[in-house]
Every structure is written in structure tokens, then in C-alpha cells.
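Work through the exercises below with the model open beside you, and try each task before reading its solution.

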Amino acid sequence: MNLQYILCNICGCNDTRLITIQNNYKVVCCKQCGLVYLNSRPDSAHLAYLYENYHLRNGKREYSWAYLMEKNYREASKLLSRKFPRKGKILDIGCGYGYFLERMNALGWETAGIDLSPKTISYATGKGLNVVESSVENISFPKSSFDAITAFYVMEHLPDPYSAVKKIYSLLKPGGIFILRVPHTTPIVRFLLLFHIKNNLYDTPYHLYDFSPKTITLLLKKAGFTAIRVEPGSPTLPNSFLEKMVSIVSGKISRMFFSISRGKILIPGTSKTTIAYKP
Ligand SMILES: [Zn+2]
């Protein structure tokens, strides 16, 4: 395996502070803009090899993903139905087995999906969904094709998130919406480090980045997006009882603080949903 050394994806800076080492990978924080990322990281060939069985690792099955993401999918579909009462055209990046696309199809949307995994693509194709095996950068749709683009738990896996969001911006029609959801692990890791508690919460080397509300906003702004809003969103539902309880309780606390502070307080360390528009 070859390792690849990179510069900060947002500001291009080469000045970082080490946060921790997990699975032998260094997780660093850019001193300029605060972006947290893996440096060095596996090259693209090794990442492709690692992803061959990604969707089935830790005992996950096809239906586990539908269950895990159920609340997020429902929330996003409601928002889209509200914003586009006359329906529209949607692209789901990292569509996996296609559960979100099925939901949007049922609501009358024209749907398309991409994923890097040949296994999930063949599963989704088998259900009659319009999906292709592709990276974001290599998508072949014409510019200004979509009213909405979604990416649930995708950005943290991408080698070059800035190029990806620029591409997403170009694929959206003016007035189009981009909905994404990412984990935010750094505050928890920093907290555990205070007590010298070892962990692999960054999920290295699958997660190449850890976005905070500040850095995801910076990234989207740089690509031209406006009206960027970061919210707690709905929690995922992991299969294990303990993980599910942690996710539900932290999600409830996060939404409660967000609500009583009228959108000012975002509890650190929980996943967030970001909504952005192409002007
Ligand atoms: Zn930076």
C-alpha cells in the first residue's frame, strides 16, 4: 500500500496539528481553517480495495442500511416535498442499495443514483432503479440537471470533497438544493483523549475527513453555495441496542438545544445535516 500526503482540501495550507493516531493513521487539524483530516492516507487503489466489502462489514446486510437511515430519509423526503410541491429530478450520491431513491420514486420524483460499489449498484439496478457505478467527479450528467442532490454520510469518505462539491454545484439547477449529512467525531475524540481513552471513532481509513459545522460551511461557501444551514437532523438507527440508544438520546438532546436556542446551539460531536442552495 502506498500512502498519499495531501494539503488541506479547503484552504490549501500545509500547517497542521496532530489530534491523534488511530489504526496507524494520523488525524490532523489544519491550523488555518480547522479542517480535520487523515494525513497521510491510503492511495486511491488501496481505498478501492478496502471498499469492496464496505457495505457488508460489521455484519451489516442490505436491509440494515434501510433501517439505519430510515429517519434521515424520511426527514429529507419531507423537506424536498415541501420545497418542491411539483416534484423534480433528484440525484443521490452514494446511493448504496437505493432505498432513498425508492422512496423518492414513490413520491413521484425522477431519480438517479451513483455509488462506487458494484455490489450495491447491481442490487439497486435489480430493483429497476436508475443508478450507475461512478465517482462524483466522473459523473456524466449534463450541467444544471437536478433540482436536488443528496449525499448521506458520503463527504467524509471522499478523497477530494472540494472538487466534489464544485461538481455537485454545477449539476444543480439554479435554486437547486443540496442536502448532506456527515458525522462530527472530533469533539468526542478530544474529550476521550483528556482521559487517555483509546478509540477508533474516526473509523480510519474509511473516513478521510471529519467536518464540523464551521468547516462544512466553509467548503460549501467556497464552491458557491448560499443559504447554508447546519441542523442536528434525525438520528441514525444502528442495529446494536447500545449504539441505537446513544444515537437516539444524543440526537434528542442535540435537537432540544437547537430548538430552545432558536438554531444557535449545535451540540458538538453528533452527526449533522447541512442544507445548501445554488443561487
Ligand atoms: Zn485548511
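## Exercise 1: a pair of helices

The crossing of α5 and α7 is right-handed, a crossing being called right-handed if the near helix is turned clockwise from the far one by less than a right angle, and left-handed if anticlockwise. The model is a predicted one, in which local features need pLDDT of at least 70 and side-chain atom pairs count only at pLDDT 80 or more, while totals for chains, interfaces and linings use all residues. Residues are numbered from 1 along each chain as its sequence is written.

Task: state at what angle α5 and α7 pack and which residues make the contact.

Solution. Begin with the elements, which are DSSP runs numbered from the N terminus (helices H or I, at least four residues; strands E, at least two). Helix α5 covers residues 161-171 and helix α7 covers residues 213-222, and the two pack at an angle of about 50° with their axes 9 Å apart; axes are lines fitted to C-alpha atoms, for helices over the stretch in contact, and angles run from 0 to 180 degrees between N-to-C directions. The helices α5 and α7 are therefore oblique to each other, since angles under 35 degrees count as roughly parallel, over 145 as roughly antiparallel, 65 to 115 as roughly perpendicular and the rest as oblique. Finally, the contact is made by Pro161, Tyr162 and Val165 of α5 together with Leu219, Leu220 and Lys222 of α7, where contact requires C-beta atoms, placed from the backbone, to lie within 7 Å.

## Exercise 2: the sheet

Task: give the strand order of the open sheet and identify its edge strands.

Solution. Seven strands form the sheet, in the order β8-β7-β6-β9-β10-β13-β12, with mixed pairing; two strands pair if DSSP finds at least two bridges between them. The edges are β8 (131-133) and β12 (226-231), each of which pairs on one side only. From one strand to the next the twist averages 15°. Within the sheet, β6 (residues 89-93) and β7 (residues 110-115) run parallel and are joined by five bridges, and Lys89 stands opposite Glu110 in β7.

## Exercise 3: unusual backbone

Task: locate the cis peptide bonds from Asn39 to Ser40 and from Thr204 to Pro205.

Solution. The bond from Asn39 to Ser40 has omega near 5°, and Ser40 is placed in the loop between β4 (36-38) and β5 (41-42). For the bond from Thr204 to Pro205, omega is near -5°, and Pro205 lies in the loop between α6 (186-194) and β11 (209-210).

Technical notes: Two residues are in contact if their C-beta atoms, placed from the backbone, lie within 7 Å.
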